[in-house]
Amino acid sequence: LAAQLGIGVESTWGTAVTPTRFYEFTDESLSLSIERIESEGLRAGNRVMRSDRYAVGQKAVEGSVSMDMTAENSALLFEHALGDVQTANTSGSVYTHTCTLADPYAKGLTLEVGRPGNDGTVRAFTYNGCKVSSFTLSNSVNELLTGEFNVIGKDESTGSITSASYPSSQELLSFAGATISVAGSSYECKEASVEVDLGLDAERYILGSQTINAPVAAAMTEITGSVTAEFKDLTAYNRFVNNTVAALTLKWEGSAISGTYKRGITVTLPAVRFDGNTPNVGGPEVVDVELAYKALYNGTDAPITVTVVNTDSTA
């Protein structure tokens, strides 16, 4: 119950900073692994590896953080996932943060996880040189919008915990405020998800260093997901059969900040290819159809845009 998660933006990748943002989270799996390099040398009369016949090898940090999503405090996560953010003061206390794909090379985060011991002390595990390697947003009927952010990092250290300070107002986003649109028209569905894999190379080790160099984009970004709905007619299914590319928008809104401006998160995919599936009868229940998709680049529009509207003056 006393666990906490803090994030700080690094001025120089790999140089740890004190966290300035704190997030409510549901679980995390960040961990340090250290390779052991064992000798295979033979020695007369020796049947078990000697204690002086191995060396410490490369270090790696990886894991994920899952949370119930809010508009406040979330633009920073999408900025570091996609690479770029443009912030505009839309009206009064309303700010719009537009996150798009860009080279993430200069981006770096320090993540501090407070893990409580059974002695009542919360100890800080600090991970420097972190980058978001992939993330998933998902939502189902009667559930909150959830986010999972997979992270790769440089190293781990332990020490004293930073005092946490949370935003004064954070409103959870749920299925009730969701709007899913396909080809510009509202699409009634039960579940929706989007997953973005940035294709970062986390194996940039060199001689003379146990830790990685800054991960770089070394593969195409993969943007996939699915929408599940009751089978109504062939309109949506035919997009799969006829290889029809269409725009897909996933929006979650909360309460109004000012006038008609509502806090929320919107994912815009201008060109989506639908890859299945065929609706099947599994009993007397209403027939569902799950449409798996892959977002593409149409040569003009950003292949993915995550827009966050909140009261944060900076991402």
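**View 1. Asp-275 and its salt bridge with Arg-273 in the predicted model.** Asp-275 is partly exposed, with a relative accessible area of 35%, and Arg-273 is likewise partly exposed, at 28%; here buried means under 20% relative accessible area, exposed over 50% and partly exposed in between, computed with a 1.4 Å probe on protein chains only. The two side chains meet in a salt bridge at 2.8 Å, N to O, the term being used for a side-chain nitrogen of Lys or Arg within 4 Å of a carboxyl oxygen of Asp or Glu. By this rule the count comes to 11 salt bridges. This is a predicted model, in which local features need pLDDT of at least 70 and side-chain atom pairs count only at pLDDT 80 or more, whereas totals for chains, interfaces and linings use all residues. Residues are numbered from 1 along each chain as its sequence is written, and side-chain values use heavy atoms, with hydrogens and water left out.

**View 2. The salt bridge between Asp-52 and Arg-50.** The closest N and O atoms of Asp-52 and Arg-50 are 3.3 Å apart. Asp-52 counts as partly exposed at 42% relative accessibility, and Arg-50 is also partly exposed, with a relative accessible area of 32%.

**View 3. The salt bridge between Glu-72 and Arg-263.** The side chains of Glu-72 and Arg-263 meet at 3.2 Å, N to O. This pair links distant parts of the chain, with Glu-72 in the loop between β5 (54–68) and α1 and Arg-263 in strand β19 (residues 261–276), 191 residues apart; helices (H or I, at least four residues) and strands (E, at least two) are DSSP runs, numbered from the N terminus. Glu-72 is buried, with a relative accessible area of 2%, and Arg-263 is buried as well, at 10%.

**View 4. The surroundings of Glu-10, in the loop between β1 (4–9) and β2 (21–23)****.** Glu-10 is buried yet has no salt bridge, the nearest side chain of opposite charge being that of Lys-131, 7.8 Å away; for this purpose Lys and Arg count as positive and Asp and Glu as negative, while His and the chain ends are not counted. The side chain of Glu-10 reaches the backbone nitrogen of Gly-14 at 2.8 Å, and the backbone nitrogen of Gly-129 is reached by the Glu-10 side chain at 2.8 Å.

**View 5. Aromatic pairs, including Phe-22 with Tyr-166****.** Rings of Phe, Tyr and Trp (its six-membered ring) pair if their centres lie within 6.5 Å, with planes under 30 degrees apart counted as stacked, over 60 as edge-to-face and the rest as tilted; by this rule the count comes to five aromatic pairs. Phe-22 and Tyr-166 form an edge-to-face pair, 6.3 Å centre to centre with 65° between the planes. Phe-22 lies in strand β2 and Tyr-166 in the loop between β11 (155–159) and β12 (178–182), so the pair ties together parts that are 144 residues apart in sequence. Phe-22 counts as buried at 3% relative accessibility, whereas Tyr-166 counts as partly exposed at 36%. Another edge-to-face pair is that of Phe-78 and Phe-135, 5.6 Å centre to centre with 70° between the planes; it links distant parts of the chain, Phe-78 in helix α1 and Phe-135 in strand β9 (residues 122–140), 57 residues apart.

**View 6. Helix α1 (residues 75–82)****.** This helix is mostly covered, eight of its eight residues being buried; among them are Phe-78, Glu-79 and His-80. Just after α1, Gly-83 takes a positive phi of about 120°.

Key
A polar contact is a pair of N or O atoms within 3.5 Å; within protein, one must be able to donate a hydrogen and the other to accept it, and residues adjacent in sequence count only if both atoms are side-chain atoms.
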